[in-house]
Amino acid sequence: MDADFVVVGGGLSGVCAAITAARQGVSTILVQDRPVLGGNASSEVRLWVLGATSHMGNNNRWAREGGVIDELLVENMWRNPEGNAVVFDSILLEWTLRESNITLLLNTAVDSAETATEDGRITSVSAFCSQNQIRYNMAAPLFCDASGDGILGFLAGAAFRVGAESRAEFGELLAPEAEDHSLLGHSLYFYTRDTGKPVKYVAPSFALQDITAIPRFRELRVTDSGCRLWWLEYGGARDTVYETEEIKYELWKVAYGVWNYIKNSGEFPEAETLTLEWMGTIPGKRESRRFEGDYMLTQQDVIEQRHHDDAVSFGGWAVDLHPPDGVYSQQPGCTQWHSKGVYTIPYRTMYSRNVPNLFLTGRILSASHIAFGSTRVMATCAHNSQVVGMAAVFCKHEKVLPRDLTKPERMTRLQQALLAHGQHIPGAHLHDEQDKAQSANITASSTLKLAELIPSGEWEALSQPMALLVPLAAGTVPRFTLPVRAKVATELRCELWIGSREGNTTPDVKLDAVAVALKEGEQDTVIAFSAAMPSSTHAFVMLHTNEDVSVALSTEQITGILTLAQKMNKAVAKSTVQSPPEGSGVDTFAFWLPTRRPQARNLAMRFEPALDLFAAENVRNGIARPWSGVNAWLPEKNDAQPMLKLTWDEPQTIRQVVLGFDTDFDHPMESVLMGHPERVMPACVTAFELRADDSVLAHVEENHQTRYTLALAEPVTTGELTITIVGHGDAIPAIFEVRCY
C-alpha cells in the first residue's frame, strides 16, 4: 500500500491527525491494533476524555479544545448525553469512515519498519491483521506515531526516554533528585447495573482476598464504577511495555477483589441488587516511552506558561503525578499541581529529533516526565494531533520534512491554517487575507447592550467568596448595583481583580477594594470602584464571605460571563487554595470554580455603564471563544429574528462561508460515564438561513456544532450576505465568526 501519510495508532490522537490530513486532500492510512477506535476513550477501556478544562476543576475558563476533537465531543454530547462508551465508539468510526482519503485498518498491529541508511527516515512499515490474516506493507513519505507506546518510533530507532529525569537535567523542582524508573501505571475499570432484585456474587479464586492490602479501601463507594475508580492503578514500578500483561492480571485481581468486597463484605447493603455488568479486558495505560523532539516540554513551560514562537496547541490539565505502586501505595492516588492558566505547546515537541519524517503525537509527545503529567490527557493529545495532521498537509504540498516547518514564515502559515480550522492557540489571532468578510461592512438587526442580569427571585447566602467574571473594556471605571438581603446591619466587602497574564482567569492582580455598609433587610447596593481597567479583559467582581448576607441570583446566561465561587478542588488536598510545597516551583492561588448547569446561576447585577461589548464587528476579530473578552456578536434579548448582514461596495464571488457558534467552551463534555442534562448548549445557534441578496444559499434546520462550513457547488457573486438566526438554545444566541472565501 502507498499513501502520503501513515498514522500508527487509532486512539483519539491518531483519529484526529488522520481526519485533519485527509480533509485537506492527503491520502492517509490509519493503522489501529484494536477492533475499535478511541484507545483509552473507547468502550474497551472507558476513560472519560479530559483536557484543559479539568472537569471545570481549575481556573481555565472557556478552555475546551477546538477543531476535530471539539466536533467529536459536541457530537457525542448531542447524541449521547448519557455517556455510553459504545455510542462514542460509533461516532469515532463514523467520523473516520466518511473521509474518503482515509484507509482504515483495524485489528492490525505494526511490527516492523524499514529505514533509509543515509538519514534514518522511515521508508515503509509492516503490519499484520489477526482477523483476515493479511500482512500490509505501507510506504509513505511521512509517518506519525500515535500508538501510545511508540511502537513505530521504537522500531525506527527514534530517541526516547523511560522514567523520571533528575531535577538537575531541566531544573524541574518537582522532579526527583536522581533519575529513576518511576512511571504512571495502568488502570482497569468495571461497570455495575442495578437489576432490581437480589444478586449473588461468587468471586473468582484469583480475586484479591485481603482488601486491606489496598490502603484506600475505605474510600470505596457503591456509586463508584468506571473511571471514577481511576485510582485502581498498578504497574508504575514495572516495565509498562514488556510487563503490561502481568500488570493486567494484577489489575484483574484488584478489580474483582474490590467488587467482591463491595458485594460480600456486608459493608454495602445497597449493593444487594447490583450485578457486575462489565469488566475491562485491557487496562488503560498512562505512561511508557516518551520520545525526544527538537524541544522537550518541562515543568517550567507548564507552570510558568512560557511563550513559544512555534506555539501550535495548548494544555491545561494539572501536573498530575501518581505513586509508582499505585493502588498498593500509602500515598494519595495522585498529586495535582495547576498553573494559573493554560500553557502553549510548541511544534518542536511533535516530531522526532533523529528520524526526520516521523511525527510524534499523543502521550509520546516530547516532554519530561513532570510535564508529561499534564500533557498526557486525551483532549490535549487530540488537539496536538490536529497540528500533526495539518503539518503533514504542508509537508506534502511543499515537499519538505517536519523540521522544515519551524522556519518562521512556514510556521506562521501553519499557525494560521490551524486557527482557520478551529484550533485554539492562546494569544494567537486569525489574520486571513483571503477572507472577504474582512473587507465587508457588517451590520446587525440589533446588538446587545447588557444593562442587567435580571434577578430570578432566588437568593444565595455568602457562605463562601463569590465573583462575577465579566468582560470589561480598557479604561472602564466599573460600577455595579447588587440586590442583597442582610440579616443585620453589616458590611459587604468587595474587590476588583484581573489576571496577570492575557487570557488567564486566575485573579492575582487586585485593582481596587471597597466596603459597603448594609442596613438590615433587602436593598440595592451600589459597588463603585475607582480604578480604571488597564486593558480589555475579564475582571473579577469579588464578594467576600458574609454569613449575614444573601445575594440575588439570575438564571440568565450570557456568552463570556460566568459566576464563580472560591470552591474546594477535591483533587488538590480538598482545599479551596492550591498550596504546593515550598521550593516546588508551583504557585499558590485560590480555585474560582463555576457550577454546572442546570444548577448554575449568575449573580444578579446592574452594570453602569451597560456592557457594550457584543458588537457585530467581533465576528471578524480572529478569536472564536471568550478569550480576554466576549469576541462574539449577540443580539438584543427581545430580537425575535436576529440578523447579521455583510455588504460590499463591489460584488464578491463567494465559494465558501464559515460560521462559528457558541457551544460553551467552558463545558468539558467528558465523553463517557458522566451524564449531562443538555444536548445542545444554551447560546448555540440551532437553525439559521444564509442568503446572498434574495437567493437562499442554505436553510439549516438543525445545528448543534461549533462550526458550520457551507461549500457551494457553484460560486455565487453578490454584494450582500445575510445570516438570519431562526432557532437557538435557552440563552441569547452568539456568533463568534463569519468568514467568506
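The following legends describe close-up views of a predicted model.

**View A. Packing of helix 1 against helix 9.** Helix 1 comprises residues 12–23 and helix 9 residues 378–398. Their axes lie 7 Å apart and enclose an angle of about 30°. Helix 1 is therefore roughly parallel to helix 9, as angles under 35 degrees are classed in this way. The crossing of helix 1 and helix 9 is right-handed.

**View B. Packing of helix 2 against helix 3.** The pair is formed by residues 68–79 (helix 2) and residues 85–97 (helix 3). An angle of about 135° separates their directions, and the axes are 10 Å apart. Helix 2 and helix 3 are therefore oblique to each other. Helix 2 and helix 3 cross in a right-handed sense.

**View C. The salt bridge between Asp4 and Lys396.** The N to O distance between the two side chains is 3.1 Å. The pair links distant parts of the chain, 392 residues apart: Asp4 belongs to the segment before strand 1 (5–8), whereas Lys396 belongs to helix 9. Lys396 counts as partly exposed because its relative accessibility is 30%.

**View D. The salt bridge between Glu737 and Arg707.** These side chains meet at 3.7 Å, N to O. Glu737 is part of strand 39 (residues 735–740) and Arg707 is part of strand 38 (residues 707–728), so the salt bridge ties together parts that are 30 residues apart in sequence. Glu737 counts as buried, because its relative accessibility is 10%, while Arg707, at 25%, counts as partly exposed.

**View E. The salt bridge between Glu243 and Arg238.** The closest N and O atoms of this pair are 3.0 Å apart. Glu243 has a relative accessibility of 27% and therefore counts as partly exposed. Arg238 is also partly exposed, with a relative accessible area of 25%.

**View F. A network of salt bridges.** The linked residues are Arg161, Glu165, Glu169, Glu287, Arg290, Glu292 and Arg353. In the model as a whole, the count of salt bridges comes to 45.

**View G. A nonpolar patch on the surface.** The patch is formed by Phe154, Phe160, Val162 and Tyr242, which together present about 380 Å² of accessible area. Val162 is placed in the loop between strand 8 (160–161) and helix 5 (167–170). With a relative accessibility of 40%, Val162 counts as partly exposed.

Key
Residues numbered from 1 in each chain as written. Predicted model: local features only at pLDDT ≥ 70, side-chain atom pairs only at ≥ 80, totals over all residues. Heavy atoms only, no water. Patch = residues over 30% accessible without salt bridge, like charges linked within 9 Å, V, L, I, M, F, W, Y side chains within 5 Å. Areas by Shrake-Rupley, 256 points an atom, 1.4 Å probe, with all protein chains shown as cover. Salt bridge = Lys/Arg side-chain N within 4 Å of Asp/Glu carboxyl O. Helix = DSSP H or I, 4+ residues; strand = E, 2+ residues; numbered from the N terminus. Buried < 20%, exposed > 50% of the residue type's maximum accessible area, 1.4 Å probe, protein only. Axes fitted to C-alpha atoms, helices over the stretch in contact; angles between N-to-C directions. Parallel < 35°, antiparallel > 145°, perpendicular 65-115°, else oblique. Left-handed = near helix turned anticlockwise from the far one by under 90°.
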